[in-house]
Amino acid sequence: MSSKGNAGNGDVGVSRKVGAVMVVGGGIGAMQASLDLANAGFKVYLVERTPSIGGRMAQLDKTFPTNDCSMCTISPKLVECGKHLNIDLITYSEVQSIEGTAGNFTAKVLCKAKSVDYSKCTGCGLCQEKCPTKVDSEFEAGIGKRKAIYVPYPQAVPNKPVIDREHCMKFTKNKCGVCQKKCPTGAINYEDQDKIIELKVGAIILAPGYDPVDPKLRPEYGFGRYKNVVTSLQYERLLSASGPTQGHIQRPSDQKAPHKIAWIQCVGSRDAQCGNEYCSSVCCMYATKEAIMTAEHEKGVACSIFFNDIRAFGKGFERYYIGAEKDSGVKYIRGIVSTVREMQRTKNLLARYVSDDGEIKEEEFQLVILSVGLRPSKGSKELAELAGIKLDSHGYALTSTFRPNETTRAGVFALGAFLAPMDIPETVMTASSAAAAAAELVSEERGSLVAQKEYPSERDIMGQKPRVGVFVCRCGTNIARVVDVQKVVEYAKTLPHVEFATESLFTCSTDSQKTISKAIEEHNLNRVIVAACTPATHEPLFQDTLKEAGLNKFLFEMANIRNQCSWVHEDPVMATEKSKDLVRMAVARALKLEPIKQLQSPVTAKALVIGGGLSGMTAALSLARQGFESYLVERSPKLGGYLNRLQYTLEGDNTQEWLKKLVGEVEKEKRIKVFTDAEVTEFSGHVGNFHAAVKTANKTEKVDAGAVIVATGAQEYQPTEYLYGKSPNVLTQLELEEKIAKEPEALRNANTVVMIQCVGSRDDEHMYCSRVCCGQAVKNALRLKELNPAAKIFVLHRDIRTYASKELAYKKAREKGVLFLRYNPEHKPEVAQTNGKLSVRAQDVSIGAIIDIKPDIVVLSAGIKPHETNPTLGSLLKVPLDRDGFYLEAHLKLRPLDFSSEGIFLCGLAHSPKYIEESVAQARGAASRAASLLSKDFLTVGGVISVVNPEKCVACLTCVRVCPYGVPAFKDEEGAVYIEPASCQGCGICAGACPNKAIEVQHYKDRQVVAKCKVLCEVSKT
């Protein structure tokens, strides 16, 4: 691993810093932080208390708002962590002590006895099969069983068992011992003992995750007494194809499919009696997702969600929520259920609630799901004590707005749900952010402790007869519930040149990867086909397996029998036949595949950061502290962006003081070159080697960079409604905030204030929530109350979306007398002015009455809209925008910091509306992602790219005109067009447009595509 970027940020104490990081926790956040650090040149020790990594995401069925299979999405990350040379997985272990100082810690870790020798264990599963003891499975949330010797779930990493000594009869009664007798390799070791290991690390990242709130805290709902009352996590397992019912929704009482289901929100959230006054942030959306999935699983099922406020504040969430109601028929009932009673004969459940019009109602359901909140995980308090960090009043890591990952102990960082309840994208962002913070601390030791991955020499297959291996995935029952997998396997064996075919439960799991490698060796395979899910997420994983087995990775082909068969067809016979067709087509193409040689491209160890607001400055500073130079380009004459207009935060921080400090740090940093009143006018190149032109008032300067970070921010919606611009007493929240900070005396006599929410948000033109507006209204309402405690303040809203700890400020505002009145979007408030006096007329849905208010000031909570430069800059960089005009990330859940174009990253308001602490975390996270590239000397490029045959090229320049990336260029000396391998994106537009067929896309040559099409209409053998 290269040590590029080494510069350090000063010694801490006398001892040399350690180029290793300990990450405590094994969920998606811990995995992302580990991968970022390991890929950037640091040794990582990943310590997880359970037998495997994966965390809560591994338990989920699908993820919102894309409805992607959670396990399919996380599997490549699991395998990458398990195979990474510079990540040591220390599972079934707990931290015992942490000593030392930032840069040089000593951690002692208790490794609990697994009673299985992993050096001998092959993961065959025979021990689990023969074990007679069954206990409730933690992974199945108590609704499924596991054995006393077990692997938590089929795709687990590591995929080897441990013995639960509390339930194993060998340890409790000195009986049984069947697992040792049946183990073919002698891996069972009853004499195994706990041991303590010592780790030397420079930084520590805490990622203990979360636990669901105990639903028994709300006994009125009958959990534990009524079988048909389950938690949301239990329902996820019922929905999951790999769950105890193989994805069939069944009532626990009689295993029948329910036709009327209710979700009860805020169980253990927003509830002082449970000790959890905060909002758990994700419950509204996961309930919506579960209802949508239920409607897809069981046609005609009626789904009702009882709620307080729908908090669909994330990217794409508002459309998802609206679609649930319009397209999936989900019924949203505003009002929390007071009691649930079981009907003795049918075991149905009677829910009692107060409707929106104040009427007490009762409704019968066949299944009730409790949307339980999130709380700090078991053991996180003890972990905090060991780490010497402070927690807030609810048990989350205490951090600050502008340093959201930094705990109260130097060198110890936190991420994900240990900071606050949050969704997966925010967890991933804070994970990369924590990785950046750790890398900043130990940057001078980059590369000092890492090993390079070495692949075996590539086999030369030229002249060899094709020998194809076909591996068909059941994907739990994701595929197998519709497709007859065994029939597909048997059919594959009849196809020409197929030497081996088999099925597996999860082909993407670690043990299945080993099966593929073994089959390649034993059967001398030189082509491999996996019939499973989408190559968009899993192809790189299987290609790496081929490399490890000594085959060129481009000798791999995938048949997508999940998305294209089991997910879209209900008829098992037809779905199976189609799967056979897809496998036959894949084999036909595989026979024409050729090895492709990739190239090494040098990396320019500098970054281009576009946007000089909070996010841009934070990203540039993080890179500088990691030892990398940056060009920081700001369009306006001064740095600061949107932050220039903010005066204080909901938590009470002085934003202008912080802004001044931040700008000062940027201006003093030698590794940052600042361009103000400037813009990027030219852009070309490829990952690791981009070229840009930065135009200022005086000149245009050419710059080279290995990575690009887009941090262009956003802008405030300029209202055209509610008399804005026509009355001096109609302000936006930003204008009010500035007035409070700079002219407080002018507001002391404002006795009546009306705030109107969702102005420029959640409408037909802006179908998204601007996320910060509710918090902004609460923040300014509290400040106005400080100036004039007697002031009457009305907040007219549709839902109040003060998620996580912001809920406490909402509660405080109500206690101070701020009145929150709800209106329907069909009947928006009306603002009028007569003789200079304002009046507001609104319908308060809660009391069903029309109210008239004579305010001194009307304040509009104007939304956040995409920056006006997004289309132009997006076109220049060749990166996409979403339907709302914000930049579109590579993957909504697991790649929220990356564009689909490699080497370009995004953060802050350019991505979507967000609070300051979220922008800071995402900015630092983008710096972490960029550092993973910049720390390397070379990148492997090429592969699926367009190649010009100069003998056929007639220099018509059609390819030059049609390429969206501007890659083809005419070379005078050759008299033909040349395509730079490192720049080509492999889209194939040039090849399709070339009139003389002088261009071919490697791996998608005409003969390879035609071979696939040619066999499409052949009748498969049954």
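**Cysteines**

I looked up Cys131 to see which cysteine sulfur is closest to its own: that of Cys176, 6.1 Å away. The model is a predicted one. A disulfide needs two cysteine sulfur atoms within 2.5 Å, so the distance from Cys131 to Cys176 is too far for a bond.

I then checked whether Cys131 is buried or exposed. Cys131 has 9% relative accessibility and therefore counts as buried.

I did the same for Cys168. The closest cysteine sulfur to that of Cys168 sits in Cys179, at 5.8 Å, and I noted this as too far for a bond. Cys168 also counts as buried, because its relative accessibility is 9%.

How many disulfides does the rule give? I noted a count of 0 disulfides.

**A sheet**

Next I turned to the strands β33, β34 and β35. I found that these 3 strands make an open sheet, ordered β33-β34-β35, with antiparallel pairing. Which strands lie at the edges? I recorded β33, residues 679–686, and β35, residues 700–705, each of which pairs on one side only. From one strand to the next, I noted an average twist of 20°.

I looked further at the pair β33 and β34. Strand β34 covers residues 689–695, and 7 bridges join β33 to this strand. The two run antiparallel. I also looked up what stands opposite Gly685, and found Phe690 in β34.

For my own reference, I added that the strands of a sheet pair through backbone hydrogen bonds, either parallel or antiparallel.

How values were computed
Residues numbered from 1 in each chain as written. Predicted model: local features only at pLDDT ≥ 70, side-chain atom pairs only at ≥ 80, totals over all residues. Heavy atoms only, no water. Buried < 20%, exposed > 50% of the residue type's maximum accessible area, 1.4 Å probe, protein only. Pairing = 2+ DSSP bridges. Helix = DSSP H or I, 4+ residues; strand = E, 2+ residues; numbered from the N terminus. Axes fitted to C-alpha atoms, helices over the stretch in contact; angles between N-to-C directions.
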